[in-house]
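Got the viewer open and a cartoon on screen? Let's walk through it one selection at a time.

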Amino acid sequence: MSVTAAQGFTAAGIAAGIKANGNPDLALVVNNGPRLAAAGVFTSNRVKAAPVHWSEQVLRGGTVSAVVLNSGGANACTGPKGFQDTHATAEKVAQALGGDFNAGEIAVASTGLIGVLLPMDKLLPGVETAAAALSADGGEDAAIAIKTTDTVHKTATVSRAGWTVGGMAKGAGMLAPGLATMLVVITTDADLDSATLDKALRAATRTTFDRVDSDGCMSTNDTVLLLASGASGQVPAYEDFAEAVRTVCDDLARQLIGDAEGASKDIRIEVIGAASEDDAVEVGRSIARNNLLKCAIHGEDPNWGRVLSAIGTTEAGFDPDRLNVAINGVWVCRNGSVGEDRDLVSMKDREVRITADLANGGESAVIWANDLTAEYVHENSAYSS
């Protein structure tokens with residue numbers, strides 16, 4: 001049930017008419033307490049969508065009572081009117097929910113085409129419809145409503161002794177670190193404060209969402225929120241809670257890569273033997289963004305030379321004559337030169353594993369990427385503005 005797996009949350013997903021095809025396009029997630037703690041991380045793109053600016057302000061207070069999300073329009077690069085529309089959306093949610101809800105505690109997230117104003121004449125009535133449809137079983141409907149080019153909705157849950165973490169995500173294109181391109185809402189019924197949530201969320205995203213790199217394109221709208229209701233009454237140890245949050249984030253991140261636009265291969269890039277974790281991440285990202293390599297992998301060609309060329313563009317510490325590369329367990333490159341017979345490499349499976357050994361230290365990192373296909377080009381050329 002994703003975001004409603006944890007106690008204290010209700011959700012809904014409806015078709016408000018934002019999308020021309022009539023598919024669900026508006027989701028609402030409500031924290032019914034008793035605690036309303038929250039944390040969030042957002043895109044590092046300097047061009048930020050209006051709902052990102054709004055939600056960053058909301059999160060500074062550490063309290064979020066509800067999140068409203070729409071697909072069908074990013075509300076990015078829409079000027080003052082776009083921010084006014086975000087504010088109006090939060091105000092409408094507060095009005096529709098009634099009681100003690102106020103707009104300053106309502107996060108807003110949007111996804112879709114950049115540079116187009118949202119149809120507020122459809123979105124605002126849709127908020128009322130969604131509020132009326134709120135249910136403890138509404139998590140799946142909410143996950144469906146935030147899809148854009150996603151082919152499947154994405155959810156994950158982890159249950160521990162007396163408490164739960166659950167989440168939903170959308171994302172299939174513009175997937176690149178800082179964060180990856182996504183809207184994610186994670187909920188828990190653990191009784192924890194905002195500072196603890198923030199620490200756990202940042203630790204989790206650093207090694208999950210921030211290590212997903214599908215196409216090297218960073219979005220204007222990335223939003224990952226973690227809400228705690230405290231409804232279970234349980235106060236787990238930080239290490240246990242952080243592990244559960246990371247598990248949910250890792251599950252959702254893998255689902256993002258698995259649904260990447262046009263992809264036929266999931267690529268696990270592990271960089272080992274690095275002098276620092278930063279070096280390992282830089283090398284992994286360079287390999288992930290090498291379009292020649294991504295095309296080779298689509299063609300099931302273990303072209304290790306393209307891995308070495310990608311490594312060589314980085315500032316990481318290494319000796320070119322000591323580099324080693326394995327593809328699906330076969331060390332096709334040894335000491336910067338020819339290794340085992342490349343014909344020994346089988347690339348028939350969906351997952352392709354690349355190991356790059358810098359032979360320069362003891363640090364490592366894993367980056368997830370995917371191949372580059374004609375379907376990716378077609379989908380993004382047909383995504384009309």
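Start with Asn31: at 2% relative accessibility it counts as buried, because the cut-off for buried is under 20%. Keep in mind as you look that this is a predicted model. Asn31 sits in strand β2, residues 26-31. Show its side chain and you'll find that it reaches the backbone oxygen of Ala228 at 3.1 Å. Now bring up what surrounds Asn31: leaving aside neighbours within four places in sequence, its contacts are Gly8, Phe9, Leu36, Val64, Ser65, Leu227, Ala228 and Ser229.

Next, click on Val64 from that list. Not counting residues up to four places away in sequence, Val64 touches Asn31, Leu36, Ala38, Val58, Leu59, Glu105, Ala107 and Leu227. Val64 also belongs to the largest nonpolar core, a set of 50 residues. Among the members with the most contacts inside that core are Leu26, Val67, Met168 and Leu227. A second, separate core has 33 residues, including Ala39, Val224, Phe241 and Ala244.

Time to move to the sheet. Select its 6 strands, which run in the order β13-β12-β11-β14-β10-β15; the sheet is open and its pairing is mixed. At the edges are β13 (337-338) and β15 (363-370), each paired on one side only. Add helix α9 (residues 304-311), which packs on this sheet and touches β11, β12, β13 and β14. The direction of α9 makes about 135° with that of β11.

Zoom in on β10 (residues 266-274) and β14 (residues 351-357), a parallel pair with 7 bridges. Ile267 has Val352 of β14 as its bridge partner.

On to β11: which way do its side chains point? Asn324 and Ala326 go one way, Val325 and Ile327 go the other, and all are buried. β11 pairs with β14 in the antiparallel sense over 4 bridges, and here Val325 stands opposite Ala356. β11 is also antiparallel to β12, over 2 bridges, with Ile327 partnered by Val330. Look at the hairpin between β11 and β12: there are 2 residues between the strands, and Asn328 takes a positive phi near 50°.

Last stop, helix α7 (residues 277-288). Try a distance check between its end C-alpha atoms: they are 16 Å apart, which agrees with the 16 Å that 12 residues should span at 1.5 Å a residue. Colour the buried residues of α7, among them Asp279, Val281, Gly284 and Ile287. The buried residues of this helix pack against β10, α8 (291-298), α9, β14 and β15.

Technical notes. Residues are numbered from 1 along each chain as its sequence is written. This is a predicted model: local features need pLDDT of at least 70, side-chain atom pairs count only at pLDDT 80 or more; totals for chains, interfaces and linings use all residues. Side-chain values use heavy atoms; hydrogens and water are left out. Two strands pair if DSSP finds at least two bridges between them. Contact means heavy atoms within 4.5 Å. Axes are lines fitted to C-alpha atoms, for helices over the stretch in contact, and angles run from 0 to 180 degrees between N-to-C directions. A nonpolar core is a set of buried Ala, Val, Leu, Ile, Met, Phe, Trp, Tyr and Cys residues joined through side-chain atoms within 4.5 Å. Buried means under 20% relative accessible area, exposed over 50%, partly exposed in between (1.4 Å probe, protein chains only). The expected span of a helix is 1.5 Å times one less than its number of residues. A polar contact is a pair of N or O atoms within 3.5 Å; within protein, one must be able to donate a hydrogen and the other to accept it, and residues adjacent in sequence count only if both atoms are side-chain atoms.
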